[in-house]
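Let's take a walk through a protein structure together, one piece at a time. Have a look at the picture first, and then read on.

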Amino acid sequence: MKSKLAFLLVLLTLVFFMVLLTAGKEQNGLSGDASEAGRASGVARSGESPESQIKGENMKKDEMTANASPHLLPALPYADSALEPVISAHTIGFHYGKHHRAYVDNLNKLVAGTDFAGMSLEKIIGATAGKPDRTAIFNNAAQAWNHAFFWNSLKPLGGGEPPAALKQKIEASFGSLEACRKELLDSALAQFGSGWVWLVADGDKLRVVKTGNADTPIASGLKPLLTIDVWEHAYYLDYQNRRADFVNDVLDKLIHWEFAAANLR
Ligand code: FE
């Protein structure tokens, strides 16, 4: 009887340990699945610091963006607040951070999988200008190009006198720097609705031209030297409806004559 009881006790102990072992394996299996799910969703993973997890996720996003976006938003050539008080960091946040970015993002979506994928902005503009069935691609490519050119047309502590070679050209074409300045301002004010005012080289002569909406002089074979964005989004937060005050301040305090002179060459 005693030996039967001892055998039963050993058997029960064995069954107990087997049940424990099976439960343990199932638990391990479940946590393995949870770990995979965590990796896929970026949820915390064991053995990595939160910082390295964030870096890892950012790298993945960057790689995805790079793959899906042949055109990148170019970096601003100065800090967000460097053009204050004429253009506030608040305006830059919307104008560069939202509007310019949207043109680049929209263009990438529009050209994905088309013959335009992989083309430069200039080539896309040339291939779509004046084609009614390509208006959306033209508008976004031209706006991406125009804005990158605009940011470079400005600098902190700009304005003043152009470099000598450019000043000579301006005087030969307009009579004086003041006359050129007046034509830039008058054209900016004469542009009905959204658009741009440009100083361009047209052969040997310099001219001021204005373009509506997304239109750009490079679509007409002209060589832009500098531009001022006169869409309301360029000045409304800082100047409300006072376009003349905005353009005057840009010409006096921000315009980058050295950039214009470099484009002349
Ligand atoms: Fe703009």
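## Starting from the sheet

Let's begin with one pair of residues: Ala201 has Leu206 as its bridge partner in S2. Keep in mind as you look around that this is a predicted model. That pair belongs to a bigger pattern, since S1 and S2 run antiparallel and are joined by 8 bridges. On to the next pairing: strand S1 (residues 195-202) is also joined to S3, by 6 bridges, and these two run antiparallel as well. Here you can spot Leu199 sitting opposite Leu226 in S3.

Put the pieces together and you get an open sheet of 3 strands, ordered S2-S1-S3, with antiparallel pairing. Strand S2 (205-212) and S3 are the edge strands, each pairing on one side only. On average, neighbouring strands in this sheet are turned by 20° against each other, if you ignore direction.

What packs on the sheet? Helix H7 (residues 177-190) does, touching S1, S2 and S3. The direction of H7 makes about 15° with that of S2. Helix H10 (residues 257-264) packs on the sheet too, where it touches S1 and S3, and its direction makes about 155° with that of S3.

Now, is strand S3 (residues 223-229) largely enclosed or open? Of its 7 residues, 6 are buried, so the rest of the structure largely encloses S3.

Time to move to a pair of helices. In general, two packed helices are described by the angle and the distance between their axes. For helix H3 (residues 89-111) and helix H5 (residues 135-152), the axes come within 9 Å and cross at roughly 140°. H3 and H5 are therefore oblique to each other, and their crossing is left-handed. On the H3 side, the residues making the contact include Tyr96, His100 and Leu107, while among those on the H5 side are Ile137, Ala141 and Trp151. Sort the residues of this contact by type and you find 11 nonpolar, 5 polar and no charged.

Last stop: Lys155, which you'll find in the loop between H5 and helix H6 (164-174). Lys155 has 19 C-beta neighbours inside 10 Å, and because a residue needs 20 or more to be buried, Lys155 counts as partly exposed. Leaving out residues up to four places away in sequence, Lys155 touches Tyr78, Leu254 and His256. Try finding Leu83 as well: Lys155 and Leu83 are 72 residues apart in sequence, and their C-alpha atoms are 7.0 Å apart in space.

Conventions. Residues numbered from 1 in each chain as written. Predicted model: local features only at pLDDT ≥ 70, side-chain atom pairs only at ≥ 80, totals over all residues. Axes fitted to C-alpha atoms, helices over the stretch in contact; angles between N-to-C directions. Helix = DSSP H or I, 4+ residues; strand = E, 2+ residues; numbered from the N terminus. Parallel < 35°, antiparallel > 145°, perpendicular 65-115°, else oblique. Left-handed = near helix turned anticlockwise from the far one by under 90°. Contact = placed C-beta atoms within 7 Å. Nonpolar A, V, L, I, M, F, W, Y, C, P; charged D, E, K, R; others polar. Buried ≥ 20, exposed ≤ 12 C-beta atoms within 10 Å, placed from the backbone. Pairing = 2+ DSSP bridges.
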